[in-house]
Amino acid sequence: MLKNILNIPVLGPIVRSTWTWRLVRLIMLALLLVMIAFGWHQHAIPGVKVRDPLMYSNFTTFNLWVLWMMGMVVVAMVFGRSWCTVCPVGWINGVLSRFGLRREMPSWLNNFVPVTLVLVFLQLLVYFFSIHRYPDYTAIFLTWMLILALVAGLVFRQRSFCLLLCPAGAVFSLYARLAPWQLRVSDKSVCAGCSAKPCISMEPAWRQAALGGMRLSWRTQPEGCPVGLVPAEINDSSACTLCLNCVQTCCNDNVSLGVRGWPGDLNKQGLRFGETLFFLVLLGLLTANFAKVYVDLREAVFWAPETLAVSLGWEAAGFYPLAVIWVGLIFPLLLLLPGVLVYLVGQIKVSTLEGEPANGASVVPTAAILPGLISFLGRLALPLLPMILSAHFALAIVKLNAKFGYLLLALQDPSGVKSYLAINVMQTLAPPGVLVSLDVLKWVIVAILLTGFVLSVLAARAVAKSGFTGQRGMDLPFMLAALVSLVILSGFYGSTVVEWLFVR
Ligand code: SF4
Ligand code: SF4
């Protein structure tokens with residue numbers, strides 16, 4: 001039954017209905033506008049010396065940086081890109097794209113490079129302005145997201161904002177590869193025989209409705225798939241935003257939405273160039289963020305950019321760009337370097353001087369033995385995704401556990417001023433406590449990271465076997481490279497957890 005939830009009585013019709021999602025997206029859009037309103041002009045509290053008193057008590061900062069950002073990770077783990085189903089920004093972008101210039105997006109833009117630059121830019125905003133700590137900065141950030149979604153929608157057809165500029169969507173596209181959830185056509189032969197193809201059609205069409213004795217007709221502009229997919233050709237879940245447009249327009253009821261087996265899309269082809277770049281930046285930022293609570297490790301991670309900034313005589317403002325370049329590109333490459341070296345050593349084959357292969361091994365062109373570094377990293381990324389998602393999930397759980405108690409306060413006093421004063425100045429209110437005690441939580445975190453590690457090992461095996469035609473039945477150098485990288489990453493995350501939750 002869960003292979004296709006669209007067939008479940010009651011639930012299926014609700015999920016299929018366009019009105020369900022219009023209503024949910026409208027509510028989400030209203031919530032977004034309310035967040036902008038409650039954050040606007042709220043920066044600090046006059047007379048209070050603390051720099052960022054409203055970080056958790058204000059509705060806007062709490063909602064975006066705690067509930068949405070952390071909740072999205074939890075949702076992505078189970079349902080892949082289903083956040084995109086209800087995202088108000090992507091929705092606005094898609095709706096406007098039907099009425100604007102409808103330009104085709106240039107292929108040189110549609111490659112994850114712009115969204116990687118956006119992620120780097122966001123990190124710079126966090127370093128320079130701590131936008132996640134201030135309601136007004138957060139409101140301005142949200143407003144710019146909306147403006148960019150509007151403008152992109154008016155220029156390009158399809159959901160160009162999601163493809164070009166949304167880092168959340170790019171993160172989801174990575175995690176969707178291992179989520180136990182997918183949208184696929186039920187029977188490809190039905191699609192092959194379908195001539196109308198309303199799921200991808202963008203031709204204007206007439207619709208009719210009867211009202212008493214009257215018949216109303218109006219012209220509609222179908223949007224097709226908002227990210228340019230052909231449902232019958234989908235073979236991994238990375239790009240589908242689960243907007244359900246194809247579910248609603250399919251005239252043969254041939255699209256299904258439900259659970260799938262392990263390893264999801266992990267044994268398919270590796271990440272492309274732009275995706276690999278995004279993956280590296282995400283890996284670096286996430287791992288550095290994870291290490292924040294382990295002071296010695298944090299200092300070790302940031303030693304190089306700090307030393308360079310000092311030797312150049314640059315103040316804090318000069319350190320930040322160095323830190324982003326280091327953490328976003330060089331640090332993740334260093335983390336993966338031992339695995340790359342192991343793989344390269346595993347590729348060495350010995351041949352005789354006459355050019356005859358030794359021990360019967362075939363001579364392989366150098367270019368085929370040493371695949372490009374980026375394409376190898378794109379393949380190596382696949383088995384590392386469960387480990388990285390588990391670290392991301394652990395961070396999200398810790399944050400939600402510590403700060404979820406502010407929800408009631410943010411609802412009662414959206415500005416956050418009265419709550420802050422009551423807790424910290426007048427002390428008439430106790431600060432919200434954690435949901436689960438740290439003594440319990442630390443074991444939950446250990447279990448999450450261990451699960452990520454085991455799933456990564458299984459994924460490494462699946463990737464090493466997939467498409468490998470060698471005599472050993474498995475690409476052994478790749479398997480070893482993945483294991484080395486996994487040990488390094490899990491050592492990093494594990495030592496942080498031990499120091500932070502068990503030693504301190
Ligand atoms: S890709 Fe981003 S903007 Fe687009 S629907 Fe998903 S979360 Fe929203
Ligand atoms: S394949 Fe279907 S659900 Fe996925 S993005 Fe395209 S129209 Fe939406």
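# A first look at a predicted helical chain

The buried residues of helix H20 are Phe478, Met479, Ala481, Ala482, Ser485, Leu486, Leu489, Tyr493, Thr496, Val497 and Trp500. Here a residue is buried if 20 or more other C-beta atoms lie within 10 Å of its own, exposed if 12 or fewer, and partly exposed in between, with C-beta atoms placed from the backbone. Helices (H or I, at least four residues) and strands (E, at least two) are DSSP runs, numbered from the N terminus.

Before going on, a word on the model. It is predicted, so local features need pLDDT of at least 70 and side-chain atom pairs count only at pLDDT 80 or more, while totals for chains, interfaces and linings use all residues. Residues are numbered from 1 along each chain as its sequence is written, and chains are lettered from A and ligands numbered from 1 in the order in which they are written.

## The chain as a whole

The chain holds 20 helices and 4 strands. Its C-alpha atoms fill a box of roughly 85 × 70 × 45 Å along the principal axes. A compact globule of 504 residues would have a radius of gyration near 23 Å, and the chain has 25 Å, which agrees. That radius is taken over C-alpha atoms, and the globule rule is 2.2 Å times the number of residues to the power 0.38. Of the 504 residues, 38% count as buried. Among contacts with a separation of 6 or more, 78% are between residues 24 or more positions apart; two residues are in contact if their C-beta atoms, placed from the backbone, lie within 7 Å.

## Two helices near the end of the sequence

What covers the buried residues of H20? The cover includes helix H12 (273-290), helix H13 (295-312), helix H14 (316-346), H16 and H19. Helix H19 has buried residues of its own, including Ile445, Leu449, Gly452 and Leu455, and the buried residues of H19 pack against helix H16 (373-403) and helix H20 (476-503).

The table sets out the spans of H19 and H20; the expected span is 1.5 Å times one less than the number of residues.

| Helix | Number of residues | Expected span | Distance between end C-alpha atoms |
|---|---|---|---|
| H19 | 28 residues | 40 Å | 40 Å |
| H20 | 28 residues | 40 Å | 38 Å |

For H19 the distance agrees with the expected span, and for H20 it agrees as well.

Pro386 is found in helix H16. With 28 C-beta neighbours inside 10 Å, Pro386 counts as buried. Leaving aside neighbours within four places in sequence, Pro386 is in contact with Leu178, Gly452, Leu455, Ser456 and Ala459. Pro386 and Phe453 are 67 residues apart in sequence, yet their C-alpha atoms are 7.1 Å apart in space.

## Two domains and a shared core

The domain assignment gives domain 1 (1-175 + 181-259) and domain 2 (273-349 + 365-503); such bounds come from an automatic or database domain assignment. The C-alpha centres of the two domains lie 26 Å apart. Their contact takes 31 residues from domain 1 and 30 residues from domain 2. On the side of domain 1 that touches domain 2, helix H3 (59-79), helix H6 (113-129) and helix H9 (167-175) each supply at least two residues. H6 gives the most to that side, with 9 residues. By class, the side has 24 nonpolar, 7 polar and no charged residues. Ala, Val, Leu, Ile, Met, Phe, Trp, Tyr, Cys and Pro count as nonpolar, Asp, Glu, Lys and Arg as charged, and the others, Gly among them, as polar.

The largest nonpolar core has 120 residues, and Tyr175, Phe278 and Leu385 have the most contacts inside it. H16 gives the most to this core, with 15 residues. Both domains give residues to the core, so it lies between them. A nonpolar core is a set of buried Ala, Val, Leu, Ile, Met, Phe, Trp, Tyr and Cys residues joined through C-beta atoms within 7 Å. Not counting residues up to four places away in sequence, Tyr175 touches Ala76, Met77, Gly80 and Leu389.

## Some details in the loops

A cis peptide bond joins Trp262 and Pro263, with omega about 5°. Pro263 lies in the loop between strand S4 (255-259) and H12.

His41 is not a glycine, but has a positive phi of about 70°. His41 sits in the loop between H2 and H3. Is His41 buried or exposed? His41 is exposed, with 10 other C-beta atoms within 10 Å.
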